[in-house]
Amino acid sequence: MMGRALLRRIAPQLVILAIVLALNLMVFPDFLKVELQHGRLFGNLIDVLNRGAPTALLCLGMTLVIATRGIDLSVGAVMAIAGATAASLVVDGHHFLTAVAGALAVGAICGIWNGILVAVLRIQPIVATLVLMVAGRGIAQLITGGTILTFLDPGLIHLGAGTIFGVPTPIVIWLALGTFVAIFVRRTALGMLIEAIGINEASSRLAGINSKVLLVCVYIVSGLGAAIAGIIVAADIQGADANNAGLWLELDAILAVVIGGNSLLGGRFSIVASLLGAMIIQSVNSLILLSGLPPEFNLIIKALLILAILVIQSPKVSHLLYILRASAPQSARKPLPPLKEGQR
Amino acid sequence: MSIRSALLASAVALSPLAAAAQDMTIGFSQIGSESGWRAAETTVTKQEAEKRGIDLKFADAQQKQENQISALRSFIAQGVDAILLAPVVATGWDGVLEEAKDADIPVILLDRTVDAPEDLYLTAVTSDLVHEGEVAGQWLVDEEAGNDCRIVELQGTTGSSPAIDRKKGFENAIAGHDNLEIVRSQTGDFTRSQGKVVMESFLKAEGGENICALYAHNDDMAVGAIQAIKEAGLKPGEDIKIVAIDGVPDAHLAIANGEMNATIELTPDMAGPALDALAAYKADGTMPPKWIQTESRLYTAADDNQAVYETKKGLGY
């Protein structure tokens, strides 16, 4: 995607993010202050980037899965399984890199499982991934033995709570992986092939795309993203909490993709917009915490803000905005760009 | 705790009641194993029964009331001497409890109570959630006597009864002490990770140096908050005093390491008092009170928390 086209695609997300950040600034004037404290960047903005890491990592895979007209409900449970695997491996005395490799392998296996159910057995994605969503926490419980499995391995803890040049490690991980995936799908034909499957799988198969392999691959990417998120969450609290790690996070990830302007009906997608969606959700969470309102209001505030964001993005409202802009005085009007094929 | 139980156990063994207790068969219907505490309660109940030479028949209901009711019916059919019941919900027990009463089998409720006529069960052994909050608040009142202290509170899951009652108890205890003030209160959902996230925002919103104490509705959130405090470059337990509730092994470890100041134990030993009451009832018909409140013991740095940690570690928490 060219620079200007990308900017136009993500403009609504940037505006919304700016508005939510401004709301944060209103309830807490020091919101934007970032300082170096004990060799670690410290500030609310850093918290938003850091705490948004699991959702950001989940929505990388989720965006690709949704682009194929699928959905992956199992990512929260896969996080719990991966965290439990990593924790139990280091507790058994393995090197932390072995533990990370083990957790990634487990994430990939979960992705292959989902992918086979969807691509080979042709089960609807929402049902296919529901299986692992329900069973996954049980599997994680079996691995941890029903307790919060704590560990003290400094290497593993560093992935969740450490810093690289003062920047918390989770931020570095999700920014690096996000950049890699976003560039990789656009610099190769992969992104277009994925979109083709989402728009019309039968005709894309007739056009020579191996849709089965590609479908399994996107679910593997989703599983791997979930595994990394699971490792980070476990490392952050120095323990694998099978009951709570990643609980309901699949919904946040789906929401991030939707806020990113991607259609649940598949087709065109933007990784960058989804990542911005994840940051918008985390900024909303931050706003709730900083507001100091009683916790009974948490979910109401979140729901209202999300509703407002989705209404602004709805086709009717954007059409209305388009008309308003078009009927503005000639001097204030920019020439309208020609509508590109496939653009919504 | 272990010394007290040991004394009780030997007292039971030496008394004439021993003969009655020796060949008792008791059914225990447990909710399931949804939390570490629940697993520890199961372990301790089995230990307490074994200590008294009781044959314990254990049934895990996996969070389902219908499983508990069928377990109770099968205990009644087997003609057990008594039934221990940790009810998963409060309502819907009248029918099966009447069946037990008709069969002359006393039922003792553990950890939670039910909405049923009082004559349908012998007694209920539970902790007092409000009292737990009061013990936590009183500890802070004594600790910070005369000092101005701005408190942040990590609440349990919004709307859950432990969150409501532990908040109420704490507020009762600090009421009238103008030097103590809760400045921020937010839910951490009883989990470590949310405890850490919310504490991070407290530290930024108030400034770490302006927070004198943290009250968390459970130990898990406190353990998460300890990490957030450390990452902010402050010393948990010194710069910010920490008191929480439950007495899980990791909290005892944190107190032993000087990173936490106090925890109020929600004892997993509900069966000990229950079995003592039952033994007295079986021996000479002594009716226990309808509610036996378990001790909400305060653990501080003055206790040997390392030893408590070692004992509790194996209980399945």
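Two strands count as a pair if DSSP finds at least two bridges between them. Keep that in mind as you work through this predicted model.

**Exercise 1.** Find out which strands sit at the edges of the six-stranded open sheet in chain B.

*Solution.*
- Start with the strand order, which is 7-6-8-9-10-12 in chain B, with mixed pairing.
- Now look at the two ends: strand 7 (180-187) and strand 12 (298-300) of chain B each pair on one side only, so by the pairing rule of at least two bridges they are the edge strands.
- Next, zoom in on one pair. Strand 6 (residues 149-155) and strand 7 of chain B run parallel and are joined by seven bridges. Among the partners, B:Ile151 of chain B goes with B:Ile182 in strand 7.
- Finally, see what lies across the sheet strands: helix 6 (residues 129-143) of chain B does, and it runs at about 160° to strand 9 (241-246) of chain B.

**Exercise 2.** Work out which element gives the most residues to the lining of the second largest cavity.

*Solution.*
- First, get an overview: the structure has three cavities of 30 Å³ or more. The second largest holds about 100 Å³ of space.
- Then check the lining, which includes A:Asn44, A:Gln282, A:Leu290, B:Val197 and B:Ser201.
- Sort by element: helix 2 and helix 13 (271-291) of chain A, plus helix 8 of chain B, each give two or more residues.
- The winner is helix 13 of chain A, with five residues.
- As a last step, sort the lining by type: four nonpolar, five polar and three charged.

Notes: Residues numbered from 1 in each chain as written. Chains lettered and ligands numbered in written order. Predicted model: local features only at pLDDT ≥ 70, side-chain atom pairs only at ≥ 80, totals over all residues. Heavy atoms only, no water. Helix = DSSP H or I, 4+ residues; strand = E, 2+ residues; numbered from the N terminus. Contact = heavy atoms within 4.5 Å. Axes fitted to C-alpha atoms, helices over the stretch in contact; angles between N-to-C directions. 1 Å grid on protein atoms, 1.4 Å probe; cavity = no way out; pocket = protein on both sides within 12 Å on 5 of 7 lines; lining within 4 Å. Points joined across faces, edges and corners; volume = space filled by probe spheres on them. Nonpolar A, V, L, I, M, F, W, Y, C, P; charged D, E, K, R; others polar.
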